[in-house]
Amino acid sequence: MVKPSVLACAILASGASAYSVSRSQIRSLGQKSVGVCSGRTHSASMKMEDFGFLKGSGLGFEDLWGDNEAISEVGLENRLNQDGLRFKMNRTPEEAAEVGPLLGLPGFTVNLPLIGETYLGPPKVASIWEALGFTATSNNEARQAEKRKAIEKARTAKAGVRGNEGFEGRKKWLPKYG
């Protein structure tokens, strides 16, 4: 018969405590425990807030942004729609009017406080799949025309981006990279 050594007993005894469970641990099983965390440090700071104090100084919000459409998604969508281009694959108002509301369901416009005039009803899309985004596309006639202009500009450009070779440089890159 083999006698266990003192070292083996010590190892077994130390490992046994890792697998033991106290009554308090069993009592708290399944209960949500919220740990106490130390205060977070927030290193980010506000980049642009003038509260009107910098108005007219050249550093104020209106001075820097003015009528720039890129400051909001609504402004950018309105600007792109002026050229017939779609924003985030949404139909332009003209395209939406051609299609009409989904499944011909009725919709109505209400004037809500704080929000203003709001349309409540089905989206103006061709199918439920377009409403869910599966068949939505930003590709329309206006975008195709913009693509053709960009292709023609790339073919005839003498200087490329950042002063590179332009068309001659693209001739070398096309066979290599496609």
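Contact, in these exercises, means that heavy atoms lie within 4.5 Å. The structure is a predicted model, in which local features need pLDDT of at least 70 and side-chain atom pairs count only at pLDDT 80 or more, while totals for chains, interfaces and linings use all residues. Residues are numbered from 1 along each chain as its sequence is written, and side-chain values use heavy atoms, with hydrogens and water left out.

**Exercise 1. Confidence and elements**

Task: State which elements the chain has and where the confidence is lowest and highest.

Solution: Begin with the elements, which are DSSP runs numbered from the N terminus, where helices (H or I) have at least four residues and strands (E) at least two. The chain has 8 helices and 2 strands, and from the N terminus on their order is α-α-α-α-α-β-β-α-α-α.

Next, turn to pLDDT, the predictor's confidence in each residue, given from 0 to 100. Its mean over the chain is 76, and 74% of the residues reach 70 or more. Confidence is lowest in helix α1 (residues 6-16), with a mean of 59, and highest in strand β1 (residues 108-112), with 90. Where pLDDT is low, the predicted coordinates should not be read in detail.

**Exercise 2. The chain as a whole**

Task: Find what share of the chain is buried, and what share of the contacts between residues at least 6 apart in sequence joins residues at least 24 apart.

Solution: First recall the classes of relative accessible area, taken with a 1.4 Å probe and protein chains only: buried is under 20%, exposed is over 50%, and partly exposed is in between. Of the 178 residues in the chain, 14% are buried. The chain exposes about 15,500 Å², and carbon and sulfur atoms supply 59% of this area, which comes from the Shrake-Rupley method.

Then consider the contacts: among those between residues at least 6 apart in sequence, 26% join residues at least 24 apart.

**Exercise 3. Two glutamates in helices**

Task: Describe the surroundings of E130 and of E95.

Solution: Start with E130, which lies in helix α6 (residues 128-132) and counts as buried because its relative accessibility is 10%. If residues up to four places away in sequence are not counted, E130 touches R91, V125, T135 and A136. The side chain of E130 also reaches the backbone nitrogen of A126, at 3.1 Å.

Continue with E95, whose place is in helix α5 and which is buried because its relative accessible area is 16%. Apart from neighbours within four places in sequence, E95 is in contact with R86 and N140. The side chains of E95 and N140 are joined by a polar contact of 3.1 Å, a term for a pair of N or O atoms within 3.5 Å, where, within protein, one must be able to donate a hydrogen and the other to accept it, and residues adjacent in sequence count only if both atoms are side-chain atoms.

**Exercise 4. Three loop residues**

Task: Place N139, M89 and L114, and decide whether each is buried, partly exposed or exposed.

Solution: N139 is found in the loop between α6 and α7 (141-156), and its 34% relative accessibility is why N139 counts as partly exposed. Not counting residues up to four places away in sequence, N139 touches Q144 and K147, and its side chain makes a polar contact of 2.6 Å with the side chain of Q144. N139 and M89 are 50 residues apart in sequence, and their C-alpha atoms are 7.9 Å apart in space.

M89 itself is found in the loop between α4 (73-82) and α5 (93-99), and M89 counts as partly exposed because its relative accessibility is 38%. Phi of M89 is near 65°, a positive value in a residue other than glycine.

L114 is found in the loop between β1 and β2 (116-120), and L114 counts as exposed because its relative accessibility is 95%. Although L114 is not a glycine, it has a positive phi of about 70°.

Notes: Areas by Shrake-Rupley, 256 points an atom, 1.4 Å probe, with all protein chains shown as cover.
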